[in-house]
Amino acid sequence: MDERQLRILRELGELGSVTAVAEALLVTPSAISQQLRLLQRAIAVPLTERQGRRLVLTDAGQALAGAAVEVETALARARHTVEEFVERPDGEVSVAAFHSAATAFFPLLLRALAGPGRPVPRLVDEDVPQEDFPRLTREYDIVLAHRLHHAPPWPDTVAATTLLREPLDVAMPAGHPLAAKRRVTPRDVAEEPWITVHDGFPVLAVIEAVAAAAGRRLHLAHRINEFAVVAEVVAAGGGIALMPRWTMRPHPALVLRPLSGVQARRHIDALYRPERTARSAVRTVLTELRHAARTIQHTDVTGGETSPEGVRGGA
């Protein structure tokens, strides 16, 4: 049995005929009769009987019709509870992000959502291969994910809002000979030892493009995913690396130089299941993430304006 069938049974008890019920519910009498037959199949005793030309409720039917009132009341309360939950501006919203996005976005999001009547963020770091980001939307309301600029779009199972199209620059010690250049090419950097990410993470495809453009294999000296650790290894002379231009905290011992000749840019996208945005709190968090992205793009996380080229220099 379902809610519609119970409603029909209740209306039959009150209105006294299939025709009257059909008129009240704006359907045909045959549709009413069909639903009553389906309901009867689920009940072991007769619910209706004929009295002349009229179809009336049996004692069992009257008992079930009475219970139908309680069911409709409970469902109405449940719908009202859901509506209140959906429209609540201050509900909890879970946000997952890979590490460099978490570093840049989480503090801005917390500050923007501080105070009463605002969504309550539950923040989680998730550093996963690119293909695993969509699956995280089962666990979290919003997932900050990254993919390369020329990579295929995310699957249709998730909605995506692009927050940043962030350049990936070559990080090197401030005293490195290449630091004197305004831009570097694949041939410039082909002889250097590289610090790069593990297999399956987007930045590795740019490293492969650099090798292809230079016409030689690169020496991958270290495999480190966390950019904050990469920065320290570069500063210590462990090699050069690709680093995001806006979402990483500037390191005083490093400079970033744009890379010519290859597509070195990543998208930072907010992924979510479309039904999650029915909640007002989730929509508010998405809005604040877009505001944070504009702040990140135009002002680095230390509060200083980016240079005209958008490249941070070292001390």
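This section describes helix 1, a set of salt bridges, the surroundings of one aspartate and a group of aromatic rings in a predicted model.

Helix 1 covers residues 3–15. The 13 residues of this helix should span 18 Å at 1.5 Å a residue, and the C-alpha atoms at its ends are 18 Å apart, so the expected and computed spans agree. At the N-terminal end, Asp-2 acts as a cap, with a side-chain oxygen 3.1 Å from the backbone nitrogen of Arg-4. After the helix comes Gly-16, which has a positive phi, near 90°. Within helix 1, the buried residues include Gln-5, Leu-6 and Ile-8. Leu-9, Glu-11 and Leu-12 in helix 1 are buried as well.

Helix 1 is joined to helix 4 through charged side chains. Arg-10 and Glu-72 form a salt bridge, with 3.1 Å from N to O. Arg-10 belongs to helix 1 and Glu-72 to helix 4, and the two residues are 62 residues apart, so that the pair links distant parts of the chain. Helix 4 itself runs over residues 59–87. The two partners fall into separate accessibility classes under a cut-off of 20% for burial. Arg-10 has a relative accessible area of 23% and therefore counts as partly exposed, whereas Glu-72, with 18%, counts as buried. Apart from neighbours within four places in sequence, the contacts of Glu-72 are with Arg-7 and Arg-10. The salt bridge between Arg-10 and Glu-72 is also part of a network of salt bridges that links Arg-10, Glu-14 and Glu-72.

In the structure as a whole there are 15 salt bridges. One of them joins the side chains of Arg-118 and Glu-288, at 2.8 Å from N to O. Arg-118 is placed in the loop between helix 5 (99–112) and strand 4 (120–125), and Glu-288 is placed in helix 10 (residues 280–298); the pair therefore ties together parts that are 170 residues apart in sequence. Arg-118 is partly exposed, at 25% relative accessibility, while Glu-288 is buried, at 14%. A further salt bridge is formed by Lys-181 and Asp-188, with 4.0 Å from N to O. Lys-181 is partly exposed at 37% relative accessibility, and Asp-188 is also partly exposed, at 22%.

Another acidic residue, Asp-269, is found in strand 11, which spans residues 265–272. With a relative accessible area of 1%, Asp-269 is buried. Its side chain makes a polar contact of 2.8 Å with the side chain of Thr-162. A polar contact of 3.4 Å joins the side chain of Asp-269 to that of Arg-147. When neighbours within four places in sequence are left aside, the residues in contact with Asp-269 include Val-143, Leu-144, Ala-145 and Arg-147. Trp-154, Thr-161, Thr-162 and Leu-163 are also in contact with Asp-269.

Trp-154, a contact of Asp-269, also takes part in an aromatic cluster with Phe-98 and Phe-133. Two aromatic pairs are found in the whole structure. In one of them, Phe-98 and Phe-133 are arranged edge-to-face, with 6.2 Å between the centres and 70° between the planes. Phe-98 lies in the loop between strand 3 (92–97) and helix 5, and Phe-133 lies in helix 6 (residues 133–136), so this pair ties together parts 35 residues apart in sequence. Phe-98 is buried, at 2% relative accessibility, and Phe-133 is buried at 0%. The other pair, Phe-133 and Trp-154, is likewise edge-to-face, with a distance of 6.3 Å centre to centre and an angle of 85° between the planes. This pair links distant parts of the chain, with Phe-133 in helix 6 and Trp-154 in the loop between strand 5 (142–148) and strand 6 (159–173), 21 residues apart. Both residues of this second pair, Phe-133 and Trp-154, are buried.

Technical notes
Residues are numbered from 1 along each chain as its sequence is written. This is a predicted model: local features need pLDDT of at least 70, side-chain atom pairs count only at pLDDT 80 or more; totals for chains, interfaces and linings use all residues. Side-chain values use heavy atoms; hydrogens and water are left out. Helices (H or I, at least four residues) and strands (E, at least two) are DSSP runs, numbered from the N terminus. Buried means under 20% relative accessible area, exposed over 50%, partly exposed in between (1.4 Å probe, protein chains only). Contact means heavy atoms within 4.5 Å. A polar contact is a pair of N or O atoms within 3.5 Å; within protein, one must be able to donate a hydrogen and the other to accept it, and residues adjacent in sequence count only if both atoms are side-chain atoms. The expected span of a helix is 1.5 Å times one less than its number of residues. Rings of Phe, Tyr and Trp (its six-membered ring) pair if their centres lie within 6.5 Å; planes under 30 degrees apart count as stacked, over 60 as edge-to-face and the rest as tilted.
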